[in-house]
Each structure stands twice: as structure tokens, then as C-alpha cells.
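Me: I am new to this model and would like a close look at a single part of it, with the surroundings brought in step by step. Please take your time and explain each term as it comes up.
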Amino acid sequence: MATGRTVRNASASVSFRASKYLRDERDIAAYLEAMLEDGEPLVVPVALHTVADAVGGMAVLTERSGLSRETLYRTPSDKGNLRLDTLAAILHAFGLRISVAPEWSPQGTT
């Protein structure tokens with residue numbers, strides 16, 4: 001019995017790569033800011049690897065940051081120890097810097 005419906009095979013899905021959408025320093029800064037606002041420390045290594053992919057991979061990041069490949073692969077891993085100076089060097093390679101800002105509250109106090 002024909003129902004009049006056409007059955008089509010579903011098209012293959014394409015994996016989402018956030019790095020494709022990080023085109024400049026503003027995009028990268030907004031992405032990292034969103035990851036940090038999440039408050040989950042395990043997203044930081046993922047975010048740093050995503051941004052490294054966006055700027056051309058670890059080889060480019062190694063060249064820009066002056067850090068060794070071993071340091072760059074180990075530091076943002078879950079077994080690594082992300083030191084402030086290393087984070088500053090990585091962010092500098094992305095065209096960013098570390099800053100501190102007060103938390104906003106409706107009453108004007110934190």
C-alpha cells in the first residue's frame with residue numbers, strides 16, 4: 001500500500017568544530033571568556049586546544065609563544081599544570097592578555 005510519503009536516507013552529519021568560527025582575537029577572546037564563565041576547570045584545556053586549532057595548530061602556537069611543543073601538549077591536558085606564566089604566553093600568542101575585572105552586580109557591589 002502506497003502512503004504517498006517519500007523516504008530518503010538521512011544525510012551524513014558533519015562534526016562541529018568551534019575552531020572554524022574563531023576568526024580573530026575578538027572571537028577567540030569571547031570564546032575563552034565563555035569557557036571561563038562556565039566555571040568548570042576541565043573545559044580550559046579543551047578551549048585552549050580549540051583556539052590552537054583556530055590559529056593554525058600546535059606548530060604555529062609553538063612558534064608564536066616560544067614554548068616547546070611538549071609544554072604546549074602537556075600543560076593544557078588534564079594531567080598538566082597550567083602555570084600563570086605559561087597561560088600568559090599562550091594568550092599572548094593568540095593576541096590576548098590576562099586581565100581582572102570586578103563581577104557585576106545589580107546593586108553595584110560584589
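What is the relative accessible area of R17?

Reply: The relative accessible area of R17 is 44%, and R17 is therefore partly exposed, a class that lies between buried, under 20%, and exposed, over 50%, as judged with a 1.4 Å probe and the protein chains only. Before going further, please keep in mind that this is a predicted model, in which local features need pLDDT of at least 70 and side-chain atom pairs count only at pLDDT 80 or more, whereas totals for chains, interfaces and linings use all residues. Residues are numbered from 1 along each chain as its sequence is written, and side-chain values use heavy atoms, with hydrogens and water left out.

R17 belongs to the segment before helix 1, where a helix is a DSSP run of H or I with at least four residues, a strand is a run of E with at least two, and both are numbered from the N terminus. Although R17 and A54 are 37 residues apart along the chain, their C-alpha atoms are separated by 9.5 Å.

Just before R17 in the numbering comes F16, which is exposed because its relative accessible area is 64%. A search of the whole structure finds one aromatic pair, and F16 takes part in that pair together with Y21: their ring centres are 5.6 Å apart and their planes stand at 10°, so the two rings are stacked. For such a pair, rings of Phe, Tyr and Trp (its six-membered ring) must have centres within 6.5 Å, and planes under 30 degrees apart count as stacked, over 60 as edge-to-face and the rest as tilted. Y21, for its part, is partly exposed because its relative accessible area is 44%.

Just after R17 in the numbering comes A18, and from A18 the view leads to helix 2, which spans residues 43-54. T50 lies in that helix and is in contact with A18, S19, L22 and Y31, once its neighbours within four places in sequence are left aside; contact here means heavy atoms within 4.5 Å. T50 itself is buried, because its relative accessible area is 13%.

A47 also has its place in helix 2, and it counts as buried because its relative accessible area is 2%. The C-alpha atoms of A47 and A18 are separated by 9.3 Å, while their positions lie 29 residues apart in the count along the chain. Setting aside neighbours within four places in sequence, A47 is in contact with Y31, L32 and M35, and Y31 was also among the contacts of T50.

For a comparison from another part of the chain, consider L72, which is found in helix 4, residues 69-74. With a relative accessibility of 1%, L72 counts as buried, whereas R17 was partly exposed at 44%. Beyond its neighbours within four places in sequence, L72 is in contact with M58, L61, T62, S65, L67 and I90. M58 and L72 are 14 residues apart along the chain, and their C-alpha atoms are separated by 7.4 Å.

The wider setting of these residues can be put briefly. The protein holds five helices and zero strands, and its elements, read from the N terminus on, follow the order α-α-α-α-α. Of the 110 residues in the protein, 30% are buried. Among contacts between residues at least 6 apart in sequence, 46% join residues at least 24 apart. The protein exposes about 8,700 Å², of which carbon and sulfur atoms supply 52%; accessible areas come from the Shrake-Rupley method with a 1.4 Å probe, and for residues only the protein chains shown count as cover.
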